[in-house]
Amino acid sequence: MTVYDRLGARRVINASGRMTALGGSVLGQGVLRAMEEAGTSFVDVAEFKEKAGNRIAELCGAEAGFITTGAAAGIAIMVAAVVAGRDLNKVFALPVVDWQPREIAIQSGHMVNFGASVAQMIKLGGGVPIPVGSVNMVVSEELAGTISPHTAAVLAVQSHHAVQKGMLPLSEVIRIAHRANRPVLLDAAAEEDLRMYVGQGADMVTYSGGKAIEGPTAGFIVGRRDLIEACRVQEQGIGRPMKIGKEGVAGLVAALEAYVQRNRVCESDERRQVSDALIDALQDIDVLRVSAVPDEAGRDIMRVAIEMRDKNGVALKKLVSELESGTPAVYVRKHHLEEGWVALDPRPLQIDDVPVIASRMRQILRDDPGNRMS
Ligand SMILES: *Cc1c(COP(=O)(O)O)cnc(C)c1O
């Protein structure tokens with residue numbers, strides 16, 4: 001019996017992705033061992049976190065690193081670091097701010113909700129989000145024209161949640177911000193490349209620990225040493241409820257060390273095997289149309305798209321909700337549900353999950369009289 005069974009929570013088959021709401025990732029043995037080691041003795045947490053931050057910075061090719069509870073906390077703390085800096089009076093005053101600069105310029109297509117809104121995380125850090133341009137188009141002049149003496153930083157979001165077309169590329173955001181002498185903060189929560197954004201010149205970048213990196217529920221910020229030092233000071237202020245414990249720190253470092261050594265070619269092959277098996281198992285369900293679709297944000301992920309052959313959006317929603325409410329619960333990727341299709345993500349699936357998903361779908365679709373008649 002697992003802890004989930006004992007407390008009466010259903011096990012989830014996760015075909016959705018590395019979702020914080022579904023537990024992020026499943027942890028490898030090395031990560032679990034590191035967490036257990038850290039959980040069995042005391043340490044000077046500040047010292048441990050500083051050393052761990054240095055190790056993470058090294059793995060990301062950055063000057064310094066800071067560990068927190070997630071990328072959402074990362075956004076709030078990065079903003080606090082540029083709004084309050086290391087001035088304790090300001091750190092203690094956050095998130096109520098009566099000084100400038102406190103504005104955070106952000107392209108309109110980056111003002112997304114990832115489960116909570118980026119704009120709210122900015123406010124939590126004492127910033128005032130200033131949207132730039134239109135939701136589907138921003139030109140360089142608009143960003144340059146938004147930067148004023150009140151601007152503390154420019155925040156960019158690198159994500160499948162963000163509008164992909166019509167936004168300025170990160171390199172252009174960095175060029176414009178740096179010309180105006182302002183730092184660029186980047187939310188790269190679910191991204192896979194640990195070095196590229198820092199390498200391009202982003203001043204601070206935050207990642208989730210539980211997404212691409214497959215670590216515990218945690219997050220981190222890497223970037224310029226002076227700014228990371230300012231992040232650390234926020235733990236005496238708004239960063240305090242976002243502080244991570246020794247076990248999380250240990251697990252995150254172990255996960256990152258494993259991540260940078262992992263064989264991506266092998267992994268990509270394994271994912272493809274799962275996707276192929278899903279297509280095989282589902283394609284002869286009459287009412288479904290099943291196909292392979294690449295990741296919207298250009299990551300190396302081939303997912304399996306599912307739609308109803310008769311384009312019946314209501315029937316698709318019903319299928320999704322019955323999958324979620326069944327036992328075991330099956331969660332699919334719902335980002336495109338309103339457009340009439342859902343996806344199965346191979347990354348969090350084991351090959352053994354494939355027949356379970358197929359049989360749940362068959363069961364639900366056969367049990368539905370509406371479908372039987374059509
Ligand atoms: C998941 C996500 C976050 C939040 O990350 P947590 O680690 O869950 O706090 C922030 N921004 C984006 C774009 C995300 O995808």
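This report describes selected features of a predicted model, from its strands and ligand site to its salt bridges and surface.

## Buried strands

Strand S2 spans residues 64-68, and five of its five residues are buried, so the strand is largely enclosed by the rest of the structure. In a regular strand, side chains alternate between the two faces of the sheet. In S2, both faces are covered. Ala64, Phe66 and Thr68 are buried on one side, and Gly65 and Ile67 are buried on the other.

Strand S7, residues 204-208, is likewise mostly covered, with five of its five residues buried. One side of S7 carries Met204, Thr206 and Ser208, while Val205 and Tyr207 belong to the other; both faces are covered and these residues are all buried.

## How the strands pair

Strand S8 (residues 219-223) is joined to S2 by five bridges, and the two strands run antiparallel. Within this pairing, Phe66 has Ile221 of S8 as its bridge partner. S8 also pairs with S7, again in the antiparallel sense and over five bridges. Here Val205 is matched with Val222 in S8. S8 is thus paired with S2 and with S7.

S7 has a further pairing, with strand S6 (residues 184-187). S6 and S7 pair in the parallel sense, over three bridges. Asp187 stands opposite Thr206 of S7.

## The ligand and its surroundings

Which residues surround the ligand? They are Thr20, Gly70, Ala71, Ala72, Phe114, Ser159, His161, Asp187, Ala189, Ser208 and Lys211. Two of these residues also appear in the strand description above: Asp187, which stands opposite Thr206 in S7, and Ser208, which is one of the buried residues of S7.

Several contacts involve oxygen atoms of the ligand. A polar side-chain atom of Ser208 lies 2.6 Å from a ligand oxygen. For Ala71, a backbone N or O atom is 2.9 Å from an oxygen atom of the ligand. In the side chain of Lys211, an N or O atom is 3.0 Å from a ligand oxygen. On its own the ligand has 380 Å² of accessible area, of which the protein covers 89%.

## A buried asparagine in strand S1

Strand S1 covers residues 12-15 and includes Asn14. Is Asn14 buried or exposed? Its relative accessibility is 11%, so Asn14 counts as buried, the limit being under 20%.

The side chain of Asn14 makes contact with the backbone at two residues that follow. It reaches the backbone nitrogen of Ser16 at 2.8 Å. The Asn14 side chain also reaches the backbone oxygen of Gly17, at 2.8 Å.

## Salt bridges

The model has a count of 24 salt bridges. One of them joins Glu214 and Arg262, whose closest N and O atoms are 3.1 Å apart. This pair links distant parts of the chain, 48 residues apart: Glu214 is in the loop between S7 and S8, and Arg262 is in the loop between helix H11 (246-261) and helix H12 (264-282). Glu214 is partly exposed, with a relative accessible area of 23%, and Arg262 is also partly exposed, at 24%. Another salt bridge connects Lys246 with Glu247, with the closest N and O atoms 2.8 Å apart. Glu247 has a relative accessibility of 28% and counts as partly exposed.

A network of salt bridges links Asp295, Glu296, Arg299, Arg303, Arg333, Asp345 and Arg347. Among its members, Glu296 and Arg303 meet through their side chains at 3.5 Å, N to O. The two partners fall into separate accessibility classes: Glu296 is partly exposed, with a relative accessible area of 33%, whereas Arg303 is buried, at 2%.

## A nonpolar surface patch

Val3, Tyr4 and Leu7 form a nonpolar patch on the surface, and together they have about 360 Å² of accessible area. Tyr4 belongs to helix H1, which comprises residues 3-7. With a relative accessible area of 54%, Tyr4 is classed as exposed because the limit for that class is over 50%.

Notes. Residues numbered from 1 in each chain as written. Predicted model: local features only at pLDDT ≥ 70, side-chain atom pairs only at ≥ 80, totals over all residues. Heavy atoms only, no water. Patch = residues over 30% accessible without salt bridge, like charges linked within 9 Å, V, L, I, M, F, W, Y side chains within 5 Å. Areas by Shrake-Rupley, 256 points an atom, 1.4 Å probe, with all protein chains shown as cover. Salt bridge = Lys/Arg side-chain N within 4 Å of Asp/Glu carboxyl O. Helix = DSSP H or I, 4+ residues; strand = E, 2+ residues; numbered from the N terminus. Buried < 20%, exposed > 50% of the residue type's maximum accessible area, 1.4 Å probe, protein only. Near = heavy atom within 4 Å. Polar contact = N/O pair within 3.5 Å; in protein donor to acceptor, adjacent residues only side chain to side chain. Pairing = 2+ DSSP bridges.
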